[in-house]
Amino acid sequence: MEIKILGGGCAKCERLEALTREVVEDLGLQADFTKVKSMNEIMAYDVMTTPALVVNEKVYSQGRIPSKEEIQQWLGAIEP
């Protein structure tokens, strides 16, 4: 599983990454994390507000920090 955190490195971006890492660990998943800070790369995902969560090239959230339960739901539904 490939997880990307899109954003400039603000506190919200860091919180989203920490929360997502926590969910990955709780679910016993294997994931590679990448921070995407380049505005050109972020805009390539059609994301206008950060932070954004991208899993396997699909945007799951943008402009907010989703709840831990939401992230668990999304990641738990993805086939390994």
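This is a conversation between a biologist and a modeller about reading some features of the structure above.

Biologist: What kind of model is this, and which pLDDT limits apply?

Modeller: It is a predicted model, in which local features need pLDDT of at least 70 and side-chain atom pairs count only at pLDDT 80 or more, while totals for chains, interfaces and linings use all residues. Residues are numbered from 1 along each chain as its sequence is written, and side-chain values use heavy atoms, with hydrogens and water left out.

Biologist: Let's start with empty space. How many cavities of 30 Å³ or more does the structure hold?

Modeller: First the general idea. Rolling a probe the size of a water molecule over the atoms shows where empty space is left. On a 1 Å grid over the protein atoms alone, a cavity is a set of points where a 1.4 Å probe fits but cannot get out. Grid points are joined across faces, edges and corners, and the volume is the space filled by probe spheres set on the points. Here there is one cavity of 30 Å³ or more, and the largest cavity contains about 50 Å³ of space.

Biologist: Which residues line the largest cavity?

Modeller: A lining residue has an atom within 4 Å of a point. The lining consists of Ile 5, Leu 6, Gly 7, Gly 9, Cys 13, Glu 14, Glu 17, Lys 35 and Lys 37. In this scheme Ala, Val, Leu, Ile, Met, Phe, Trp, Tyr, Cys and Pro are nonpolar, Asp, Glu, Lys and Arg are charged, and the others, Gly among them, are polar. That gives a lining of three nonpolar, two polar and four charged residues.

Biologist: Which element gives the most to that lining?

Modeller: Elements are DSSP runs numbered from the N terminus: helices (H or I) have at least four residues and strands (E) at least two. Helix α1 gives the most, with three residues. Both β1 (2-6) and α1 (11-27) supply at least two residues each.

Biologist: Gly 7 is in that list too. Is Gly 7 buried or exposed?

Modeller: Buried means under 20% relative accessible area, exposed means over 50%, and partly exposed is in between (1.4 Å probe, protein chains only). Gly 7 sits in the loop between β1 and α1 and is buried, at 5%. Contact means heavy atoms within 4.5 Å. Beyond residues up to four places away in sequence, Gly 7 touches Cys 13, Val 36, Lys 37, Ile 42 and Thr 50. Gly 7 and Val 36 are 29 residues apart in sequence, yet their C-alpha atoms are 6.2 Å apart.

Biologist: I noticed cysteines. How many disulfides are there?

Modeller: A disulfide is a covalent bond between the sulfur atoms of two cysteines. The rule used here asks for a pair of cysteine sulfur atoms within 2.5 Å, and the count comes to zero. For Cys 10, the closest cysteine sulfur is that of Cys 13, at 3.2 Å, which is too far for a bond. Cys 10 is partly exposed at 36% relative accessibility, whereas Cys 13 is buried at 3%.

Biologist: Where does Thr 20 lie, and what is it in contact with?

Modeller: Thr 20 lies in helix α1 and is buried, with a relative accessible area of 0%. Leaving aside neighbours within four places in sequence, Thr 20 is in contact with Ile 3, Ile 5, Phe 33, Leu 53, Ile 71 and Leu 75.

Biologist: How should I read the sides of helix α3? Which of its residues are buried?

Modeller: In α3 (residues 68-76), Ile 71, Trp 74 and Leu 75 are buried. They lie on the same side of α3 because they cover an arc of only 90 degrees around the axis; the arc is that of the directions from the helix axis to the C-beta atoms. The face turned away from the buried side carries the exposed residues Glu 69, Gln 73 and Gly 76. Among what covers the buried residues are β1, α1, β3 (52-55) and β4 (58-62).

Biologist: What about the backbone: which residues does a cis peptide bond join?

Modeller: Thr 50 and Pro 51 are joined by a cis peptide bond, with omega about 5 degrees. Pro 51 is in the loop between α2 (39-44) and β3. In the loop between β3 and β4 you will find Asn 56, whose phi is positive, near 50 degrees. Asn 56 is partly exposed at 38% relative accessibility.

Methods
1 Å grid on protein atoms, 1.4 Å probe; cavity = no way out; pocket = protein on both sides within 12 Å on 5 of 7 lines; lining within 4 Å.
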